[in-house]
Amino acid sequence: MSAADPAGLERRLRVLEDKEALRGLLMRGWRALDHKDWAAWSACWAQDAVLDFGPWGVTYGREAIRETVEWAEESFGRQHHLLNTHFEVDGDRASGIGYMWFVAVSGDGGSGAPFVLGGPYDWEFRRGADGRWLLVRQRLGVWWSDGDDDGARAPEAFSR
């Protein structure tokens with residue numbers, strides 16, 4: 001790469017900006033999730049999005065995803081951590097991987113031991129007509145869990 005290749009530099013800068021926008025999308029979205037700001041959280045998703053939530057099954061469409069996750073999260077306080085994220089950008093499409101560390105505390109912040117679980121995320125994104133990135137598909141595998149999940153929604157209830 002030389003200074004004589006401004007188009008190459010522009011392409012590389014665009015990819016870096018897109019990766020930062022994807023990171024920002026997830027950070028805003030998961031912060032909204034933890035604050036139960038369902039409008040802000042669901043705005044991160046495409047209308048035709050798919051949520052594949054490991055043992056809890058698959059949900060199709062932005063509104064169904066919102067309803068299902070809002071119902072599943074109703075008894076919990078702040079809890080989601082996104083770790084080791086990585087993104088690949090290909091024009092108006094992108095993919096990403098990362099890990100989730102979920103710490104479920106009671107909605108009132110009680111002192112009981114939390115239920116925790118973790119596993120890999122696998123995301124697909126597309127750029128909308130307005131230039132903003134949206135989640136198109138999210139897969140979550142659950143690799144481990146610990147603690148009492150009395151407040152959690154059981155997998156069989158999640159696929160209602």
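What share of the contacts in the protein with a separation of 6 or more comes from residues 24 or more positions apart? In this predicted model, the figure is 59%. Keep that in mind as we walk through the fold.

Let's start with the overall layout. The protein has 4 helices and 7 strands, and if you read along the sequence you meet them in the pattern α-α-β-β-α-β-β-β-β-β-α. There are 160 residues in total, and 39% of them count as buried. As for the outside, the accessible surface adds up to about 8,900 Å², with carbon and sulfur atoms making up 52% of that.

Now for the inside. The largest nonpolar core has 32 residues, and the ones touching the most other members are Leu-26, Trp-30, Trp-41, Trp-45, Trp-123, Phe-125 and Leu-135. Several elements chip in with two or more residues each: on the helix side α1 (6–34), α2 (38–42) and α3 (62–73), and on the strand side β1 (45–52), β3, β4 (93–104), β5 (115–127) and β6 (133–140). The top contributor is α1, which gives 6 residues.

Trp-41 is a handy place to zoom in. Setting aside neighbours within four places in sequence, Trp-41 is in contact with Gly-29, Trp-30, Ala-32 and Leu-33, and also with Ile-65, Arg-66 and Val-69. Match those numbers to the helix ranges and you'll find α1 (6–34) and α3 (62–73).

Next, the aromatics. Searching the whole structure turns up 8 aromatic pairs. Take Trp-123 and Phe-125: their ring centres are 6.4 Å apart and their planes sit at 40 degrees, so this pair is classed as tilted. To be called stacked, the planes would have to be under 30 degrees apart, and for edge-to-face over 60. Both Trp-123 and Phe-125 are buried. They also belong to one aromatic cluster, together with Trp-30, Phe-87 and Tyr-121. Trp-30 should look familiar by now, being one of the core residues with the most contacts to other members and one of the partners of Trp-41.

Finally, have a look at Asp-90, found in strand β3 (residues 80–90). Is Asp-90 buried or exposed? Its relative accessibility is 65%, and because the cut-off for exposed is over 50%, Asp-90 counts as exposed. Asp-90 also lets you see sequence and space side by side: Arg-126 is 36 residues away in sequence, yet the C-alpha to C-alpha distance between the two is 9.6 Å.

Note on methods
Residues are numbered from 1 along each chain as its sequence is written. This is a predicted model: local features need pLDDT of at least 70, side-chain atom pairs count only at pLDDT 80 or more; totals for chains, interfaces and linings use all residues. Side-chain values use heavy atoms; hydrogens and water are left out. Buried means under 20% relative accessible area, exposed over 50%, partly exposed in between (1.4 Å probe, protein chains only). Rings of Phe, Tyr and Trp (its six-membered ring) pair if their centres lie within 6.5 Å; planes under 30 degrees apart count as stacked, over 60 as edge-to-face and the rest as tilted. Contact means heavy atoms within 4.5 Å. Accessible areas come from the Shrake-Rupley method with a 1.4 Å probe; for residues, only the protein chains shown count as cover. A nonpolar core is a set of buried Ala, Val, Leu, Ile, Met, Phe, Trp, Tyr and Cys residues joined through side-chain atoms within 4.5 Å.
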